[in-house]
Amino acid sequence: MIIDLLVNAHHYEGLSPRIRQAFDFLRQTDLAALALGIHEIDGRALYASVQTFSTHPLAEGDWEAHRRYADLHYVVEGAERIGYAPAGSLSPGAYDAENDFMLLSGEAGALAPVPSGAFMLLWPEEAHMPGLAVDEPAPLRKVVVKIAV
């Protein structure tokens, strides 16, 4: 897991060509004006999901993990906390292969603030609980780039 500001993304671009493409997309796109929904960058190998919602309390959060994609969560407007835990420290639920999505349960993990202009990069074996309120529920606009690994 990596948390940093987008202005520092150049430090991580060498991890893979797709990660470099993902950061290029975030830097070169007017994310505040981009329509909600899915935007293919390189087919299903690299695509972005633009989302707006209200953050929620920790008690309403769900742990999730993926097997085929790394997640690059970027906060466009607002702020959120994202829970983080090694997937192996939580109890897995059923895996939805079509959507590369698995719910997990458990109490392990840490909470990290992700303010506007910051990102969190998570690998498939890293469970996460996105969309948590920093203090009180508040509006959030974010882009999650799905990176096939």
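This report looks at the pockets and salt bridges of a predicted model. Residues are numbered from 1 along each chain as its sequence is written. Local features need pLDDT of at least 70, side-chain atom pairs count only at pLDDT 80 or more, totals for chains, interfaces and linings use all residues, and side-chain values use heavy atoms, with hydrogens and water left out.

Let's start with the salt bridges (a side-chain nitrogen of Lys or Arg within 4 Å of a carboxyl oxygen of Asp or Glu). The count comes to 4, and the table shows three of the pairs.

| Pair | N to O distance |
|---|---|
| R27 and E13 | 2.4 Å |
| K146 and D71 | 2.6 Å |
| K142 and E80 | 2.8 Å |

Salt bridges with shared partners join E13, D24 and R27 into one network. Here buried means under 20% relative accessible area, exposed over 50% and partly exposed in between, with a 1.4 Å probe and protein chains only. R27 is partly exposed at 37%, while E13 is buried at 14%. K146 is buried at 10%, and D71 is buried at 2%. K142 and E80 are both buried.

Now to a pocket (on a 1 Å grid over the protein atoms alone, an open set of points where a 1.4 Å probe fits, with protein on both sides within 12 Å along at least five of seven lines; lining residues have an atom within 4 Å of a point). The largest one holds about 400 Å³ of space, a volume being the space filled by probe spheres set on the points. Its lining has 24 residues, and Q51, E64, H66, V144 and K146 are the closest to its centre. The second largest pocket holds about 170 Å³, and its lining includes W63 and M129.
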